[in-house]
Protein chains: 2
Amino acid sequence: MSMTRIRPLIMDPSRRDEPCAHCGARAYSVCSAIDSKDLERLAVLSTQMTVEPGRSFIEEGDPAEHFFNVTSGTAKLFKLLPDGRRQITGFAGTGHFLGLAVSSSYSFSAEALEPMRICRFSRPKLRVLLDDFPAMEKRLLEVASNELVAAQEQMLLLGRKTARERLASFLIGRADMPTHCLGYQPSPTETVRLPMTRNDIADYLGLTIETVSRTLTKLKGEGLIEIPSSSIVVIKRHTALVGIATGETEQG
Amino acid sequence: MSMTRIRPLIMDPSRRDEPCAHCGARAYSVCSAIDSKDLERLAVLSTQMTVEPGRSFIEEGDPAEHFFNVTSGTAKLFKLLPDGRRQITGFAGTGHFLGLAVSSSYSFSAEALEPMRICRFSRPKLRVLLDDFPAMEKRLLEVASNELVAAQEQMLLLGRKTARERLASFLIGRADMPTHCLGYQPSPTETVRLPMTRNDIADYLGLTIETVSRTLTKLKGEGLIEIPSSSIVVIKRHTALVGIATGETEQG
DNA sequence: CCATCGGCTTGATCTGTGTCAAGGCGGAGC
DNA sequence: GCTCCGCCTTGACACAGATCAAGCCGATGG
């Protein structure tokens with residue numbers, strides 16, 4: 001499964017002994033459920049790593065030996081069909097916890113879009129730790145519940161929305177995201193940074209790259225958005241875009 | 001939101017005093033995490049109800065005051081767009097726990113497909129109970145994790161599979177389900193009972209009723225399945241169907 | 001400054017699935 | 001046993017988005 005994987009991960013000795021106490025992502029992650037005084041127990045279980053853009057750190061089908069926590073950067077999470085068709089199931093930013101699942105192997109792959117820092121935990125060891133910290137277990141349940149709600153929303157998008165509605169939903173979703181998930185963010189929230197390629201957007205929305213491109217061009221032509229560079233979109237008419245995203249607006 | 005709801009639920013006084021100890025669904029549900037000796041505490045929180053086919057017991061947007069546990073029958077879970085487009089996000093059978101979500105309102109609706117028995121818990125009260133039973137919290141996390149994996153699989157289906165692959169996946173998914181989820185089940189597992197209409201299947205798979213009907217007819221014509229009645233499908237060539245479902249088989 | 005290359009856009013055409021329309025079938029009620 | 005009605009099937013046609021095919025644009029490196 002991972003035969004072609006070359007140097008996907010780089011251990012980072014410089015942070016080996018740095019405890020979770022200094023982690024910039026802690027406030028946004030499940031680790032916030034653990035008290036400062038107990039943080040050392042968590043720290044000894046964690047391994048800090050960096051992942052370069054384009055590198056995978058989870059491969060669908062591989063034995064699920066670790067949990068991960070994103071401390072900076074963004075990853076795409078995806079599933080593949082044998083002929084190469086791909087569905088991106090989500091993007092994981094700062095604070096995102098990865099690897100939940102009872103199964104013994106990963107059900108998706110994860111690849112860095114940008115330089116990332118991640119925090120890795122051994123599954124069995126974290127499981128044991130969780131027995132002592134029900135607050136963290138509770139936090140994980142909250143996280144999983146929220147992701148489930150998001151997944152259902154995405155099913156509605158994939159099953160029933162038009163290309164135009166999908167793009168509008170995607171842009172609004174990005175604009176409404178908490179700042180810490182986004183990494184570097186140009187000032188107003190109406191400016192949306194897109195660290196992923198058009199192909200990634202297409203595979204996230206169940207479209208082709210051509211349809212994504214055409215639809216964005218059309219939204220631009222209608223004055224709903226501006227596209228100063230291909231990885232930046234400025235939302236000019238937020239309410240109108242929301243109307244399209246939620247299916248309230250007829251056509252275009 | 002629920003102005004048009006009429007007698008959606010029928011309280012069942014005959015089971016009011018019957019404790020969870022006699023619940024047939026207990027073994028399959030999150031309640032199994034609670035020890036027999038503590039079961040009384042759970043029992044006092046629960047209200048048994050029956051729901052007639054076609055009745056809703058959760059309405060998207062309503063305040064989320066309860067959790068539910070399905071003890072028999074099947075429900076469809078769905079989201080709607082303002083113009084009536086519908087996406088069924090799943091079917092909930094015996095043992096299924098409903099209502100996970102941090103939000104204060106439900107993010108989906110639930111409607112009975114068949115006569116159902118459900119067990120209702122007040123959210124705040126169950127939350128308090130969970131503090132005393134971390135095993136149940138752990139079980140809920142497991143359940144949520146598994147649903148997340150299933151949701152991602154469904155995103156792959158909705159975003160990237162053909163109509164033929166969707167129907168094959170759906171039938172295989174039904175055939176592979178644990179028996180207790182299905183309610184009454186005609187003997188061999190190769191016989192699949194479909195308690196939902198073609199319209200429901202279409203709304204679950206992101207297709208139209210016509211495409212579902214045509215595709216099933218085609219699979220029948222190829223000898224992969226038989227359709228003795230419109231709500232029963234017999235899988236004749238399981239392996240071939242799995243090949244189609246997973247996208248390994250070219251076309252048809 | 002030019003060449004290269006990956007990612008993006010745009011145009012022409014095709015096609016899988018949706019839409020519209022007409023029966024068929026089987027269970028419920030009289 | 002007949003009628004009704006909801007659900008399902010089948011056919012003809014339409015269209016949103018896919019596919020195929022150029023070409024553009026901006027970053028990178030010599």
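This note sets out numbered points on the contacts between the protein chains and the DNA strands, the contact between the chains, and two sheets.

1. Basis of the model. The structure is a predicted model, in which local features need pLDDT of at least 70, side-chain atom pairs count only at pLDDT 80 or more, and totals for chains, interfaces and linings use all residues. Residues are numbered from 1 along each chain as its sequence is written, chains are lettered from A and ligands numbered from 1 in the order in which they are written, and side-chain values use heavy atoms, with hydrogens and water left out.

2. Surroundings of DNA strand C. DNA strand C is surrounded by 15 residues, the closest being Ser213(A), Arg214(A), Thr217(A), Thr211(B) and Arg214(B). A residue is counted as near a molecule or strand if one of its heavy atoms lies within 4 Å of it. Sugar or phosphate provides 62% of the atoms of DNA strand C within 4 Å of the protein, and bases provide the rest. By class, the surface near this strand has two nonpolar, eight polar and five charged residues. In this classification, Ala, Val, Leu, Ile, Met, Phe, Trp, Tyr, Cys and Pro are nonpolar, Asp, Glu, Lys and Arg are charged, and the others, Gly among them, are polar.

3. Individual contacts with DNA strand C. A polar side-chain atom of Glu210(B) is 2.9 Å from a base nitrogen of DNA strand C, and one of Arg214(B) is 2.8 Å from a base oxygen of that strand. In the side chain of Thr211(B), an N or O atom lies 2.5 Å from a phosphate oxygen of DNA strand C. The elements giving two or more residues to the surface near DNA strand C are α7 of chain A and α7 of chain B. The largest share, four residues, comes from α7(A). Helices (H or I, at least four residues) and strands (E, at least two) are DSSP runs, numbered from the N terminus.

4. Surroundings of DNA strand D. Around DNA strand D there are 15 residues, and the closest are Thr211(A), Arg214(A), Ser213(B), Arg214(B) and Thr217(B). Of the atoms of DNA strand D that come within 4 Å of the protein, 62% belong to sugar and phosphate. Two nonpolar, eight polar and five charged residues make up the surface near DNA strand D. Helix α7 (209-221) of chain A and α7 (209-221) of chain B each supply at least two residues of this surface, and α7(B) gives the largest share, four residues.

5. Individual contacts with DNA strand D. Arg214(A) has a polar side-chain atom 2.7 Å from a base oxygen of DNA strand D. Arg214(B) has a polar side-chain atom 2.8 Å from a base nitrogen of that strand. The side chain of Ser213(B) has an N or O atom 2.8 Å from a phosphate oxygen of DNA strand D.

6. Contact between the chains. Chain A and chain B each contribute 44 residues to their contact, where contact means heavy atoms within 4.5 Å. The area buried between them is about 4,200 Å², with 64% given by carbon and sulfur atoms. Buried area is the accessible area (1.4 Å probe) that two parts lose on being put together, summed over both. In chain A, the residues that lose the most area to chain B are Leu141(A), Met155(A) and Arg160(A), together 18% of what that side buries.

7. Sheet of chain A. Four strands of chain A form an open sheet in the order β3-β8-β5-β6, with antiparallel pairing. Two strands pair if DSSP finds at least two bridges between them. The edge strands are β3 (56-58) and β6 (86-92) of chain A, each pairing on one side only. Two bridges join β3(A) to β8 (residues 109-112) of chain A, and Ile58(A) has Ala110(A) in β8(A) as its bridge partner. Helix α3 (residues 134-160) of chain B packs on this sheet, touching β5 and β6 of chain A.

8. Sheet of chain B. An open sheet of three strands in chain B has the order β10-β12-β11, with antiparallel pairing. β10 (191-193) and β11 (225-229) of chain B stand at the edges with a single partner strand each, so one side of each is left without a neighbour in the sheet. Three bridges join β11(B) to the antiparallel strand β12 (residues 232-235) of chain B. Glu226(B) stands opposite Val234(B) in β12(B).

Notes: A polar contact is a pair of N or O atoms within 3.5 Å; within protein, one must be able to donate a hydrogen and the other to accept it, and residues adjacent in sequence count only if both atoms are side-chain atoms. Axes are lines fitted to C-alpha atoms, for helices over the stretch in contact, and angles run from 0 to 180 degrees between N-to-C directions.
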